[in-house]
Amino acid sequence: MTALLLAGQAAATTATRVQNVPRAALPPPAMPPRGFHPGLFASFTEPLAGLANQEALAVAEESGGGGSALLWQGIAAWFADPCTGMDQYANGFWKLQHPPAREQPSHFGELKQAVAQSILADAAQASAAAGGAEAVLAATWASAQSPSGRQWSAFQPQLAAILALSSRDEVERHLCEALPRGQAALLGVERYFRRGVLVVAEGRGEGTTGLHALPTAHPVVVSHRAQIAALLSRTGMPAAGAESAARTIMEMEQSIAAAPAQLQSCTREQAERAVPGFPWATLWQALGLDPMTALFADLARSRQVAQLLRDRPVEDWKVFLRYREAAVLQRDLDSGTQSADILRMLEQRPGGRLLLSSWYGARADPRWFAAATGMFDTLKQVFRDDVAASALPAEDRVVLDQTLAATRLVLEQAGSGRDWTAFPAGGDLVTNLQSLAAFALHDDLDIIEGRAQGEDTALPAHHLSIGTNIIDGLVRVSPALLASLAGQAPQREVQWATLGMMLGHELGHVLSDAIGLSDPGQSLMAQEDAAIRQRIGDLWSGTSHLDATRVLEEAGADLRGLSAALRAGETEAAAAGRSFDRKRFFVAAAGLHAANPTARQLRAQLEREGHPPGPFRAELGRSVKGFDTAFGCEPRPSEPFDHILPRAGSTAAGALHPNPG
Ligand SMILES: [Zn+2]
């Protein structure tokens, strides 16, 4: 450690001496004085940068950031050479300002933070007079800030309804009709794309999984039972009754939890045949579903519920429902009143996220999407031109061209265009949250029944997202992502390197996932994949190597996206008589992926994720044609990645050069 610190001081002095020299003009760093363990230098071409990098990660691993990690990362940043370490060159100083931490710092993490901050600021200003989603948000926000709306008295109407239940029929109706009231505590409907899923036992408190397998005298079970009894007391049940009620509730929960989740698509009739005794007709009716509409239903648990309905007296069901509905309410009543608490609460409650998305989407500047669509169409043309000029058989060029031509960019904004005018906002927090849950359920049912208009987008407008659905040929991007990228540097080079590269990345997926290619076409694509794999296989960060096969799809989409975005940007600049700064383009593209993982976080990401981690994605630009000349790097043995597919007439050459691009 002493030796390493000495090296740091020596290098820091060097850094001070040369700090006025432009970094690209720096000579390669001199070998540091002797006295280090020779093993440290074995694999380094740039001893100081490499050493600093290793030390930074090692120290960060121990300390969780800070300490001499900062010093070493600073040195690495000073001596970074774009030709061998683009991530360090573009992001070294960013890393210095964002030391490793338990939650890995990343540029995307910063963007996410900024969106959350803007939502907090704007939501606090939401006006009831604005109408639509904004008025609903204003009313909900105000009710969440008001302590007077957080009383257990809000539970009285629900409790009265439960206490009035007097027959099994009434219990069944209560169970089913709780859903459209936004008071679901045992049954729930979720939506995946256009299909509905009936879940059983949702809404129970977290952390109870596995509880029911423990013996009844286990301290965890005893404590859970005490919590149930305490909650029942809060609803006004006398302590003595609450004790035995808690036992009943745990028994009932246990028998439901004992059944493994087992989903099967059923119409009403099919469900009735599969699990007799469950109130299927009442449920379909309460949801307003067509009897022929199929739901994925949790049949094993439904069977347990049917059995409980048959075996347990109405009084048991009344305490069970009392507890379950109170548990949902408790979560709402006990949530914080600060702005950040309210935002988190809305994110986590059914309907709350839909409201935020509707509101955020309606406020998005339409110019962001217009600009993105313009870029998308230009990139699509680059892809189509490359396909037309490629060495693929003619019929495959037609297939790919049609696939690309049919691909469209749409906004990802769940709940866009929803009519909130009839929403009964303005009450207390509990009423508002239940109304939101009911609104979201009806919205889902409209989509499940095919009554909803327009595109079905699943993700919220206020989350950062971009993705492609190969089946419907739509590339979806969220307004929040467009807003974040529009808020950075205005230069076109930066816009093309960030938003342009991401849109190009998605088109890369469209291309590589296209179906219906001929055998020769597929084998040419396979050759191209092998060439891309070879480039990715060259990438190292510290001692971590990228698994080229594992990340092929994503890294390939990155390379294609970068190549297309660079050429689209240059063509646009040429047409406008402007120059195009390639250096700025490549630095911005690397900056998009700025991240400062510890060595352990990096390894975990490498094992878990299909996307290359940030430090690797930042390096990918080095493989793209135009990089070497922009930074004055020595040409490498392999040809740089140029077009998204090998060109016609280059196949013979491609056999000689393994990286035809
Ligand atoms: Zn991707």
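## Exercises on a zinc site, cavities and a helix

By class, eight nonpolar, two polar and two charged residues make up the lining of the largest cavity. The model is a predicted one, and the exercises below begin with this cavity before they turn to other parts of the structure.

**Exercise 1.** Find how many cavities of 30 Å³ or more the whole structure has, and describe which residues line the largest cavity.

*Solution.* Step one is the search of the whole structure, which finds three cavities of 30 Å³ or more. Step two is the volume, which for the largest cavity comes to about 70 Å³. Step three is the lining, where the residues are M86, M501, D558, L562, F586, A589, A590, H593, R617, A618, L620 and G621. Step four traces these residues back to helices: α23 (552–575) and α24 (582–591) each supply at least two of them, and α24 gives the most, with three residues.

**Exercise 2.** Describe the second largest cavity by its volume, its lining residues and the elements that supply them.

*Solution.* Begin with the volume, since about 50 Å³ of space lies in the second largest cavity. Next, list the lining, which is formed by H174, L175, A178, L179, A184, A185, L186, L187, L321 and E325. The elements that give two or more residues to this lining are α8 (168–177) and α14 (314–334). Finally, sort the lining residues by class, which gives eight nonpolar, one polar and one charged.

**Exercise 3.** Determine which residues coordinate the zinc ion, and state whether H505 and H509 are buried or exposed.

*Solution.* First, identify the donors: the zinc ion is coordinated by H505 through NE2, by H509 through NE2 and by E554 through OE, at 2.0 to 2.2 Å. Second, read the donors along the chain, where they follow the spacing H-x3-H-x44-E. Third, place the two histidines, for H505 and H509 both lie in helix α21 (residues 492–512), four residues apart, which is about one turn of the helix. In an α-helix, residues three or four places apart point the same way, because there are 3.6 residues a turn. Fourth, consider accessibility, by which both H505 and H509 are buried.

**Exercise 4.** Explain why E554 counts as buried, and find which residues E554 is in contact with beyond its neighbours within four places in sequence.

*Solution.* The starting point is that E554 is found in helix α23. E554 is classed as buried because its relative accessible area is 13%, and buried means under 20%. Leaving aside neighbours within four places in sequence, E554 is in contact with H505, H509, G610, H611 and P612. One of these partners, G610, is 56 residues from E554 in sequence, yet the two are 6.7 Å apart in space, C-alpha to C-alpha.

**Exercise 5.** Compare the span of helix α17 with the expected one, and say what its buried residues pack against.

*Solution.* Helix α17 (residues 366–388) has 23 residues, and from its first C-alpha to its last it reaches 33 Å, close to the 33 Å expected at 1.5 Å a residue. Its buried residues are A372, M375, F376, L379, K380, V382, F383, D386 and V387. These buried residues pack against several elements, namely α18 (394–406), β5 (408–411), β7 (474–477), α20 (479–486), α21 and α23.

Technical notes. Residues numbered from 1 in each chain as written. Predicted model: local features only at pLDDT ≥ 70, side-chain atom pairs only at ≥ 80, totals over all residues. Heavy atoms only, no water. Donors = N, O, S within 2.8 Å, 3.2 Å for Na, K, Ca; no water. Buried < 20%, exposed > 50% of the residue type's maximum accessible area, 1.4 Å probe, protein only. 1 Å grid on protein atoms, 1.4 Å probe; cavity = no way out; pocket = protein on both sides within 12 Å on 5 of 7 lines; lining within 4 Å. Points joined across faces, edges and corners; volume = space filled by probe spheres on them. Nonpolar A, V, L, I, M, F, W, Y, C, P; charged D, E, K, R; others polar. Expected span 1.5 Å × (residues − 1). Contact = heavy atoms within 4.5 Å.
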